[in-house]
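Visitor: I'd like a close look at one part of this structure: its salt bridges. Could you walk me through them slowly?

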Amino acid sequence: MRLRPRNNDAACDMQSSPTSEAPARPRLLIVDGHAFAYRAFFAIRSLSAPDGSATNAIYGFIRMLVKMEARVKPTHLIVVWDGGLHEERTALHPEYKAQRPEMPANLALQLDQIISWLRAGGVASLTEEGREADDGIAAITHQAVAAGFEVIIASSDKDFMQLVSPDVRLLNPGDKTDALWGAEEVMAKTSVKPTQIVDWLSLIGDSVDNITGVAGIGPKTASELLRQFGSIDSIYQRIEEVSQNRLRASLQASEGLLRRNQQLVRLKSEMTSEVSLEDLVRKPIDISALRQLYAGWGFKTLLRELEQAHQSEGELFTETAGVG
């Protein structure tokens, strides 16, 4: 994995001290970079710098990351970006994610700017060629949990429900309650346990990733099957116990499809992660670089907040030479 220099969440977060007690153990917030960049881009339709270049995704990303960090109060933080599709998945299913449109040009032009802001803010940013962000997040999560961390994954991607455990929760930007999802919330959403999510998604498919499910099986039927049998393996071991003839026939005709889907859906948490958890502690911000970025983008409010925080909490802002 290639580790980009860290970034600070946002001017506001850089400027305020935590208002609640620090977590009892290390808490890692992992942010799905592309997912939040897209979300920011479409949430704010029109915003531009003095030179006319688009800044809507940059501004939205900054504000969202500030809010997330204030909510979670992590001791460690990283933003993970997509580095391309995984070769094994595309070999299994050439149409995997093939239906997705190209990234809007105005968004693509803002990604490097977001990373520049992360660098100036002292937050880790990670991209690895040929590795999907989901797999990178899963690998870092596995590493952090093994080291005794609590992990919060910020993403609306339902694939991450398979990672939920007593040590891993989800922060879903689409959930207006701002709740951190654990097993109870996953059960409420899907009617299956986190350990059954891979099989549940394999049964119903995932149109976002262009994965076809079993004909005639929707979320409700998939949940009922998994409550009765526990797993896809058990379904096929006890296939004669499936009472509906049409459903049983559909499952019998789809075993190969389901086995493929399991491989497509299961995140590769066992993959080696070269991330050092110590590197995910926020570093001092480069205030000069942030001033320059905010001025160039025309972010007057963020610049003013930064200056006010610098004046009132100057001891928090150790300027770092050689950053950026």
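Which side chain does Glu241 meet in a salt bridge?

Guide: Happy to, and keep in mind that this model is predicted. The partner of Glu241 is Arg238, with N and O 2.9 Å apart. How covered up are these two? Buried means under 20% relative accessible area and exposed means over 50%. Glu241 has 42%, so it counts as partly exposed, and Arg238, at 29%, is partly exposed as well.

Now hop over to a set of linked bridges: Arg89, Lys97, Glu132 and Asp135 are joined into one network by salt bridges that share partners. Within that group, take Arg89 and Asp135, whose side chains meet at 2.6 Å, N to O. Arg89 sits in helix H4 and Asp135 in helix H6, so this pair ties together parts that lie 46 residues apart in sequence. Arg89 has a relative accessibility of 1%, so it counts as buried. Asp135 is buried too, with a relative accessible area of 0%.

One more pair is worth a stop. Asp233 forms a salt bridge with Arg259, and their closest N and O atoms are 2.6 Å apart. Here the link runs between helix H10, which holds Asp233, and helix H12, which holds Arg259, with the two positions 26 residues apart in numbering. At 41%, Asp233 counts as partly exposed, and Arg259, at 27%, is partly exposed too.

To place these pairs in the whole picture, the structure holds 17 salt bridges.

Conventions:
Residues are numbered from 1 along each chain as its sequence is written. This is a predicted model: local features need pLDDT of at least 70, side-chain atom pairs count only at pLDDT 80 or more; totals for chains, interfaces and linings use all residues. Side-chain values use heavy atoms; hydrogens and water are left out. A salt bridge is a side-chain nitrogen of Lys or Arg within 4 Å of a carboxyl oxygen of Asp or Glu. Helices (H or I, at least four residues) and strands (E, at least two) are DSSP runs, numbered from the N terminus. Buried means under 20% relative accessible area, exposed over 50%, partly exposed in between (1.4 Å probe, protein chains only).
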